[in-house]
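The following exercises introduce the structure shown below. Each consists of a task and a solution that proceeds step by step.

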Amino acid sequence: MSKYIAQRIALLIPTLIGMSLLIFAMLRLLPGDVVDIIAGTDGTASSAAKEKLRESMGLNDPVPVQYVKWLGNLLTGDPGKSMRSGEPVGEILMRALPITIELAILGLVFSTIVAIPLGVISAVKRDTVFDFASRVGGLVGLSLPNFWVATLMLLFTSKVFGWTPSIRFIPFTKDPIGNLEQMILPSIALAIPLMAITMRMTRTTMLEVLGQDYVRTANAKGLAPQPILYRHALKNALIPVITVIGFQLGGLMGSAAVVEVVFGLNGVGNTLLQAIFNRDYPLVQAATLYLAVVFVMINLVVDVLYAWLDPRIKLG
Amino acid sequence: MSVVTTTPDVITEGRVARAETPWWRFPKRWRNPIGIAGAIIVLFTALMAIFAPLIAPYEPSAQGAIRLLPPSWDHLMGTDELGRDTFSRIVYGSRVSLQVGILSVAIALAIGGILGLVAGYFGGWADTWTMRLVDIMFAFPGIVLAIVISGLLGPSRRNAMIAIGIIYAPAFARVVRGAVLAVKSEAYMEAARVLGASNARLVRQHVVPNILAPLIVLTTLYLSSAILSEAALSFLGLGTQPPEPTWGGMLNIARTYMEISPWMAVFPGLAIAILVLGFNFLGDGLRDILDPRLRER
């Protein structure tokens, strides 16, 4: 097991380097001169002032040197300062990251609680009205834009209950109930598409497992249907489902971006978006990289978890 | 298609169906209510986009009416913050959704398809490096990458298409590569090669027709994702720019006015959901019909 984990971590390094290269290249190759944007394009800044700015930002160095410097700074924990506020980018993101992670985890919890029982019932009652309804319902869930659901939720709560979300983020450690009150709607909006994916996956694997020899044996030797369902079938059916859910967690962190905007939460996604509109390059670079690193780490954990749950794949 | 479904039972089923059903009835496996519902929705939206000038009662940018009117017979879905007819704007908005959806998936298909074909067919270092790049692309949450690309290129319809095309390309590369690898090991490929067929001929005559079925299914399903992504980008202000009507953009503006006119936030979202549902239904149905192996996605 530890060998497998070590192997996986070793494989992570080229991926991380590739990711940092890609982000760096993306921001360098795109049109527009950063210096023009900072100094303003109205021509008030003299070319000497621009040149000075260029020099101080290290933009006169060859591109590979710039990359190595940037990477070196990142590794020593200094991803630069925001061009807009001058605040260290690391601090901005460390404030934003917990919001996004909490949102993603809550979304995951909600979707799983609803989706797994529905998937199991759908599989057991295969080809009934319930099964058909949940299949169609699943496709409907996949089709709802989460920002629309989020907007409607805000509309509904403000019209019916006169409730609007607080503008400032309430940390869980300070006021758990206030925090959950604030986070519950966004995480449900986030959970809906994932719910559909998990439900379909549970149904499929459940059907597969129910057709296995050991389930037939358990039936033949006269075990009650309920224990067969839970002890024999569900336990095995859930292994691939857990993997799918795990991989979705990273995706949730991405889709959280849009929901964060609707609810005015200052998570990583919203921060990234503001940074893009402000052309705040260091912040864009770092926010993208942070999201991607968290995404890759989650996938690593899921891989290891999968190997631990299902010893058959460890050798593969 | 016939080559993909060469399992014996399918062939017998096909023959039986052909013998028993009159020519004007679909063969049995084409009778898929979900797929048909999807096809109807997609067709309906396509017609709406094509004949928008005939269907829309007003010009989409005409500011003729009173602002923020509720739905009525004159304005089926009310009017917006500038007094424009919401129904007309939704009808015209279907053009943007379909155009961006189709073109961005075409970009993804072109980039991903070629990469996957080269990687799967030639193998070796081409395969290693292509798949390494694909893995790295997969390491980013898709929508985040789309936000960054379209945001940095500058918000516009063209750049939204490019961004969405790029983020879906790796998925196509992976599926095409897998399908090509499966086809490559078939005996008929070896036979054709022994007979002296060139690479180009092998790909054209044997590889492409045999990977078409999974590709059609994947394309349909990604059309739904692409339309959702376009709507999200427009919603964030990173897609097609106003005053051109887009469903996502209309929702974005509706947020400001929804306390006074909630219907502004309802109809555009409904339009997005219905069209995306149409493609999801169609893809689901096509998967059942064309590619039974993919059914368990």
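**Exercise 1: The fold of chain B**

Task: Determine which pattern chain B follows when read along the sequence.

Solution: The model is predicted. Along its sequence, chain B shows the pattern α-α-α-α-α-α-α-α-α-α-α. Its secondary structure accordingly comes to eleven helices and zero strands. As to its packing, 48% of the 297 residues of chain B count as buried. Among the contacts in chain B with a separation of 6 or more, 70% are accounted for by residues 24 or more positions apart.

**Exercise 2: Helix α8 of chain B**

Task: Establish why helix α8 of chain B lies largely in the open.

Solution: A residue is buried if 20 or more other C-beta atoms lie within 10 Å of its own. Helix α8 of chain B spans residues 187-194, which makes eight residues. The number of these that are buried is zero, so the helix lies largely in the open. Just after α8(B), Gly196(B) adopts a positive phi of about 95°.

**Exercise 3: The side of chain B that touches chain A**

Task: State how many residues of chain B are in contact with chain A, and which helices supply them.

Solution: On chain B, 36 residues are in contact with 39 residues of chain A. At least two residues of this side come from each of α5 (124-138), α6 (142-153), α9 (199-235), α10 (247-257) and α11 (263-290) of chain B. The largest share, nine residues, is that of α11(B). By character, the residues of the side of chain B that touches chain A comprise 25 nonpolar, five polar and six charged.

Conventions
Residues numbered from 1 in each chain as written. Chains lettered and ligands numbered in written order. Predicted model: local features only at pLDDT ≥ 70, side-chain atom pairs only at ≥ 80, totals over all residues. Buried ≥ 20, exposed ≤ 12 C-beta atoms within 10 Å, placed from the backbone. Helix = DSSP H or I, 4+ residues; strand = E, 2+ residues; numbered from the N terminus. Contact = placed C-beta atoms within 7 Å. Nonpolar A, V, L, I, M, F, W, Y, C, P; charged D, E, K, R; others polar.
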